[in-house]
Amino acid sequence: MRRLPAKDVVVIGLGWTGSIMALELCRAGLDVVAIERGPWRDTPTDFPPNVAPDELRNSIRQDIFLRPAQETLTFRNSLEQTALPIRRFGSFLLGNGVGGSGVHWNGQTWRFLPTDFRARSHLIERYGEGFLPPDNTIQDWPMSYEEMEPYYDRFEYVCGISGKAGNLKGERQEGGNPFEGARQRDYPTPPMRQGQAPGMFAKAAAELGFHPFPCPSANMSQAYTNPYGMRLAPCTYCGFCERFGCGNYSKSSPQSCVLPALIRHPGFEGRTDCQVTKINLTPDRKRATGVTYVDLQGQEWEQPAELVLVCAYGLFNTRLLLLSGIGQPYDPVRNEGVVGRNYAYQITTGVNGFFDNVEMNLWAGAGAHGMIIDDFNGDNFDHAPHGFVGGAYLAGYATNARPITARPTPPGTPRWGAQWKKVTAESYNRTANVGTHGSVMSYRGSYLDLDPTYKDQFGLPLMRLTFDFHENELKMSRYCTDRAVEIARAMGAKSMQVGYRQGPYSVVPYQTTHNTGGTVMGNDPKTSVVNRYTQSWDVPNVFVSGASLFPQNAGYNPTGTVGALAYWAVEAIRDRYLKNPGRLVDA
Amino acid sequence: MPSTRRRLLAASALFGLAIPATARTLKEALPWSPNEAYPPERVVPGPWVFFTAGEAATVEAIADRVIPADELGPGGKEAGCAVFIDRQLAGPYGTSAWLYMRPPFARGTPSQGLQDEDPPAVQYRKGLGALTSYCTGRYGGRRFEALTPQQQDEVLTAMEKGEAKDPGADLRGFFEQLLNNMTEGFFADPIYGGNKDMCGWRLLGFPGTRYDYREVIAAPNQKYTLPPVALTGRPEWMR
């Protein structure tokens with residue numbers, strides 16, 4: 001192993017949180033090196049408009065994503081089963097390379113509800129402890145929505161999010177989300193323009209007494225210059241957003257919002273195609289000394305540093321802590337330990353409505369383009385009659401009708417032959433989808449640990465995911481899907497294809513890349529890996545970022561909260577930790 | 001699929017190929033050079049790369065039953081679905097080069113997904129062999145492509161329902177593989193060898209890769225009348 005000169009900070013992973021935290025610490029005068037597992041990617045080189053809109057390459061063959069040959073995980077539904085490797089990704093698609101999942105994301109940029117931050121306390125206050133599902137490990141976040149608000153604001157203004165406030169300093173705003181927590185100011189850019197299908201969704205939802213509003217979007221409604229001086233261009237509704245890089249500089253991403261400022265900063269250096277295999281510790285395991293990584297030739301390097309920021313995708317943050325021996329691994333049988341605990345996911349469904357005499361033109365769209373109702377999310381409605389906790393937003397998205405994937409046909413249509421061809425041609429432009437996007441609570445049996453059998457290319461154990469949907473989530477999802485059916489009917493659908501989510505959870509069909517937990521934050525070291533400043537309880541010069549911090553998953557896309565947490569944590573590092581390096585919270 | 005220099009470098013680490021490579025360093029300036037891009041290599045029709053002549057004839061016959069030629073437009077054979085599949089099987093898709101293919105292989109539950117040791121190229125070789133054996137055994141020595149369209153539909157339906165059995169392969173699984181790849185070829189960008197003259201996109205009314213639909217959003221519920229454009233433009237631009 002070759003040893004490199006020491007740096008102040010080593011950042012593992014150069015996606016949203018890695019690039020934000022690196023830039024903020026460079027600006028604070030520190031020497032920062034970022035080590036990224038995948039390749040360098042940039043707009044003009046990797047996704048120019050004459051290369052990017054390629055459904056087969058990016059969406060079907062998954063060229064833009066992490067390849068399982070490089071790294072994957074194993075999966076089982078329950079402790080009794082033997083986990084097998086996810087040989088091809090399906091249920092979730094993970095980013096790889098500079099920009100991480102921020103390259104291919106849709107851009108749906110939400111804040112969690114104030115009650116999501118005190119999930120356990122709130123639910124017990126309103127419904128009593130007996131109302132919570134069996135075996136749940138739901139816990140409060142270690143900070144409040146009000147504490148997080150300035151950091152949500154910061155991330156939204158770095159991204160230039162397009163949207164309409166529903167609550168400005170406690171004042172209800174017409175046309176926004178009436179259920180959201182109070183904002184100090186409106187979104188940086190106005191909402192996107194809505195087309196045919198989102199318009200029909202909004203009209204139908206309003207007629208049913210719900211409260212439609214435009215999805216907060218990282219696809220720009222107009223040109224925008226962010227606080228780092230990065231300039232974004234108006235979205236052209238090209239139809240290639242989720243699963244694609246943006247060739248227009250119209251989707252907020254590390255590439256379009258942060259990296260040009262970061263890379264030009266003299267305090268920064270990045271190394272790509274280098275995989276961190278371990279965070280190195282002192283013999284007493286109380287302090288990290290840096291990281292070990294392997295480059296493309298298989299050469300191993302040691303990068304010493306004073307501070308280690310774990311900024312990989314959430315799943316791999318957990319794996320790195322397990323491989324490095326930081327924190328006690330979770331044991332679901334004894335219900336002890338913390339690393340890998342409280343893995344959660346989300347539960348999604350869709351209703352395809354088939355219509356007459358309309359041109360939906362859903363091939364014109366963008367990742368976060370659509371209208372939403374939040375009436376059935378979180379605790380925005382009384383759960384007492386229903387016997388479940390959590391909820392979902394309902395969406396009339398226009399996030400692309402790509403022809404290999406998006407050709408639904410009414411129930412009873414053959415899957416091939418002349419009749420299939422005829423019905424496919426008739427249905428393609430006359431179909432609209434109403435989706436549900438729901439929360440998943442944390443449970444004792446849902447967790448991450450190291451697999452006893454399967455190894456990666458370096459001979460290190462893959463991570464093992466043990467997860468299934470619980471009765472609470474299936475019930476909630478069915479209830480919300482029934483509401484989606486009501487909206488599709490009110491939109492005038494002549495027939496419908498309703499995709500209720502059934503157990504067991506499967507890694508095959510795409511559902512959502514919103515994997516959470518594993519390095520949960522909290523106020524109690526017995527039930528959390530890091531404290532409220534995302535600092536490891538065990539090794540205080542290690543900080544962890546990302547959705548692996550979430551104690552359980554809310555019914556919203558996670559990136560807004562992930563970005564806010566990065567600003568929250570880096571401010572604590574800069575203003576508190578650097579002045580007195582040590583534990584920021586007493587255990 | 002494209003095999004770009006950068007991706008090759010990544011592959012060398014994965015498969016131990018002796019290609020000299022160094023990690024890239026990002027410092028002071030964005031690592032950008034004029035005209036550097038990684039477009040896919042365009043498929044040129046010509047001799048079969050993966051299929052034997054007999055296999056290709058069977059796949060073309062299947063393509064025309066899965067997507068028949070009719071008044072709505074060309075069928076799967078004319079669209080190039082077999083060419084598309086041939087080139088895909090000859091590339092990283094055919095060998096599952098990007099997937100996790102380390103042993104041990106075990107039969108899992110359906111929710112654990114793909115656990116087959118055979119990559120698609122092997123599945124096609126075995127599946128087409130089994131299909132030929134099934135057809136010749138049942139239809140007096142005739143291969144699939146020599147059957148009447150009604151008989152061909154009968155065979156495909158039996159495969160789809162799991163009623164067609166042959167010791168050489170799981171014909172039901174092979175049918176799903178075929179159906180997937182046929183529709184991929186029919187609706188993927190023509191640069192990959194199928195969807196000839198964007199016939200699949202014309203069938204749907206998908207306008208392709210125009211990359212700017214602000215006018216469509218501004219005027220909802222209007223029929224779009226401009227012809228489709230693909231990554232390589234339109235056929236009339238190239239003649």
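**Cavities, pockets and chain features of the predicted model**

The residues lining the largest cavity comprise five nonpolar, nine polar and two charged members. The structure described here is a predicted model, and the space enclosed by this largest cavity comes to about 170 Å³. Its lining is made up of 16 residues, and A:T115, A:D116, A:A119, A:L123 and A:M441 are the ones closest to the cavity centre. In general terms, empty space of this kind is revealed by rolling a probe the size of a water molecule over the atoms. When the whole structure is searched in this way, seven cavities of 30 Å³ or more are found.

Attention can now turn to the pockets. The second largest pocket holds about 450 Å³ of space. A total of 22 residues line this pocket, and those nearest its centre are B:R42, B:P45, B:P190, B:K196 and B:D197. Sorted by class, the lining of the second largest pocket contains 11 nonpolar residues, together with five polar and six charged ones.

The residues nearest the centre of that pocket belong to chain B, and a closer look at this chain is a natural next step. Chain B has 239 residues, 49% of which count as buried. Its secondary structure consists of 10 helices and one strand, and the order of these elements along the sequence is α-β-α-α-α-α-α-α-α-α-α. Taken along the principal axes, the box filled by the C-alpha atoms of chain B is roughly 70 × 55 × 40 Å. Among the contacts in chain B with a separation of 6 or more, 59% are made by residues 24 or more positions apart. The accessible surface of chain B amounts to about 11,400 Å², and carbon and sulfur atoms account for 54% of this area.

For chain A, two domain annotations are available from UniProt, both from an unreviewed entry. The record assigns residues 233-343 of chain A to the feature "domain: Glucose-methanol-choline oxidoreductase N-terminal". In the model, this span is 18% helix and 29% strand, and its end C-alpha atoms lie 37 Å apart. The annotation "domain: Glucose-methanol-choline oxidoreductase C-terminal" is placed by UniProt at residues 447-566 of chain A. Over residues 447-566, helix makes up 23% of the chain and strand 22%, with 24 Å between the end C-alpha atoms.

Conventions. Residues are numbered from 1 along each chain as its sequence is written. Chains are lettered from A and ligands numbered from 1 in the order in which they are written. This is a predicted model: local features need pLDDT of at least 70, side-chain atom pairs count only at pLDDT 80 or more; totals for chains, interfaces and linings use all residues. Side-chain values use heavy atoms; hydrogens and water are left out. On a 1 Å grid over the protein atoms alone, a cavity is a set of points where a 1.4 Å probe fits but cannot get out, and a pocket is an open set with protein on both sides within 12 Å along at least five of seven lines; lining residues have an atom within 4 Å of a point. Grid points are joined across faces, edges and corners, and a volume is the space filled by probe spheres set on the points. Ala, Val, Leu, Ile, Met, Phe, Trp, Tyr, Cys and Pro count as nonpolar, Asp, Glu, Lys and Arg as charged, and the others, Gly among them, as polar. Helices (H or I, at least four residues) and strands (E, at least two) are DSSP runs, numbered from the N terminus. Buried means under 20% relative accessible area, exposed over 50%, partly exposed in between (1.4 Å probe, protein chains only). Contact means heavy atoms within 4.5 Å. Accessible areas come from the Shrake-Rupley method with a 1.4 Å probe; for residues, only the protein chains shown count as cover. UniProt positions are given in the numbering used here, feature names are shortened, and annotations may be inferred rather than shown by experiment.
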